[in-house]
Amino acid sequence: SGVAMLGVQLVAIVFLALMKVVVMEAFVNNPTFHLQDIEIVTAGPLSRSEISSVSGLKLGESLFMVSLRAVHDRLEALPEVRKATVTRRFPGMVVIEVQQRTPVAWLECPDKAIAARVSGYGCLLDEEGIVLPSAKHAAADQKLPVISVEKLPRVAPGERVESPVALAALELLRLHGNSPLHEKHRLTGVDATRAHALVAKFDSGVSATLPADGDPAAELVRLQ
């Protein structure tokens, strides 16, 4: 009957409410499962304290209420972060693993008033051409090669540089780093301001002009 059905529904509602209270007290409100430690595994200019701050995690909050996806997304929004992994470790720990992007070259573009090796105003590039802010660059980054381009449509930290010649110059740097020529002559810069040409500059003072649309690997073999 309708009365019997209503009674069953009321019992079910009460039961679910009681179960919610039990779960809240046994797990969510249980201090054993509150966040007691944040372990951060990383290497790079971003410090562990900066990563912890950006994560938004607060000691003492319930581990069950932590949104791992939200923490992950906040971290990967940083230009310096290539990949972030966030996991829970019961009873009270969150582990954050952050793979930071490694700069391989400075970007120089007079048209955008971008100068190389200027902390806070310059731009660094990783091997994929992702633009990195230079405010936190390490002392060793001062020795990175400089890629010079004449113009850029736009430059945005965390995004790939919109310049085919800059990307071609990065590929030249990568190939040089894997070639025997790297042991003899350090590449200090690539001038990509000329039309259809890349000018490789070496620490010996020697320069070599390579076709921008050619085979950079073959050209490096020729220079050895």
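Okay, let's start with contacts: in this protein chain, residues 24 or more positions apart make up 52% of the contacts with a separation of 6 or more. Keep in mind that what you have in front of you is a predicted model. The chain has 224 residues, and 37% of those count as buried. As for secondary structure, we get 6 helices and 10 strands. The strands I'll talk about sit in two sheets, so to speak, one of 3 strands and one of 7. I'll take them in that order.

So, the 3-stranded one. It's an open sheet, the order is 1-3-2, and the pairing is mixed. Strand 1, residues 37-43, and strand 2, residues 81-89, are the edge strands; each has a single partner, so one side of each has no neighbour in the sheet. From one strand to the next, the twist averages 15 degrees.

Where does the mixed pairing come from? Strand 1 and strand 3, which is residues 93-100, run parallel and pair over 7 bridges. Strand 2 and strand 3, on the other hand, pair in the antiparallel sense over 8 bridges. That second pair is a hairpin, with 3 residues between the strands.

If you want one residue to click on here, try valine 94 in strand 3. Isoleucine 38 stands opposite valine 94, and arginine 88 has valine 94 as its bridge partner too. And is strand 3 mostly covered or mostly open? Mostly covered: 6 of its 8 residues are buried.

Now the helices on this sheet. Helix 2, residues 48-55, lies across strand 1 and strand 3, and it runs at about 125 degrees to strand 1. Helix 3, residues 68-76, lies across strand 2 and strand 3, at about 155 degrees to strand 2.

In the loop between helix 2 and helix 3 you'll find phenylalanine 64. How does phenylalanine 64 come out on accessible area? Its relative accessible area is 34%, so it goes down as partly exposed, since buried would need under 20% and exposed over 50%. Phenylalanine 64 also pairs up nicely with a sequence-versus-space comparison: phenylalanine 33 is 31 residues away in sequence, but the C-alpha to C-alpha distance is 7.6 Å.

Okay, on to the other sheet. Here 7 strands form an open sheet, again with mixed pairing, and the order is 6-5-4-7-8-9-10. Strand 6, at 131-133, and strand 10, at 207-211, are the edges, each with a single partner strand, so each has one side without a neighbour in the sheet. Neighbouring strands are turned by 30 degrees against each other on average, ignoring direction.

Let me walk in from the strand 6 end. Strand 5 and strand 6 are joined by 3 bridges and run antiparallel. One of the contacts to look at there is leucine 124, whose bridge partner in strand 6 is leucine 132. These two strands make a hairpin with 4 residues between them, and glycine 129 in that hairpin takes a positive phi near 90 degrees.

Strand 5 itself is covered on both faces: Cys123 and Leu125 are on one side, Leu124 and Asp126 on the other, and all of them are buried. Yes, that includes the aspartate. Aspartate 126 has proline 103 standing opposite, and strand 4 and strand 5 pair antiparallel over 4 bridges.

On to the next pair in the order. Strand 4, residues 103-108, and strand 7, residues 146-148, run parallel and are joined by 3 bridges. Tryptophan 106 has valine 146 as its bridge partner in strand 7.

What lies across this sheet? Helix 4, residues 164-177, lies across strands 4, 5, 7, 8, 9 and 10, and runs at about 40 degrees to strand 9.

Helix 4 comes back when we get to pockets. The largest pocket has a volume of about 390 Å³. Of its 19 lining residues, the closest to the centre are Val104, Pro145, Leu170, Leu173 and Arg174. Which element gives the largest share of that lining? Helix 4, with 7 residues. And if you're wondering about the chemistry, the lining splits into 7 nonpolar, 4 polar and 8 charged residues.

That's all from me.

How values were computed. Residues numbered from 1 in each chain as written. Predicted model: local features only at pLDDT ≥ 70, side-chain atom pairs only at ≥ 80, totals over all residues. Heavy atoms only, no water. Pairing = 2+ DSSP bridges. Axes fitted to C-alpha atoms, helices over the stretch in contact; angles between N-to-C directions. Contact = heavy atoms within 4.5 Å. 1 Å grid on protein atoms, 1.4 Å probe; cavity = no way out; pocket = protein on both sides within 12 Å on 5 of 7 lines; lining within 4 Å. Points joined across faces, edges and corners; volume = space filled by probe spheres on them. Nonpolar A, V, L, I, M, F, W, Y, C, P; charged D, E, K, R; others polar. Buried < 20%, exposed > 50% of the residue type's maximum accessible area, 1.4 Å probe, protein only.
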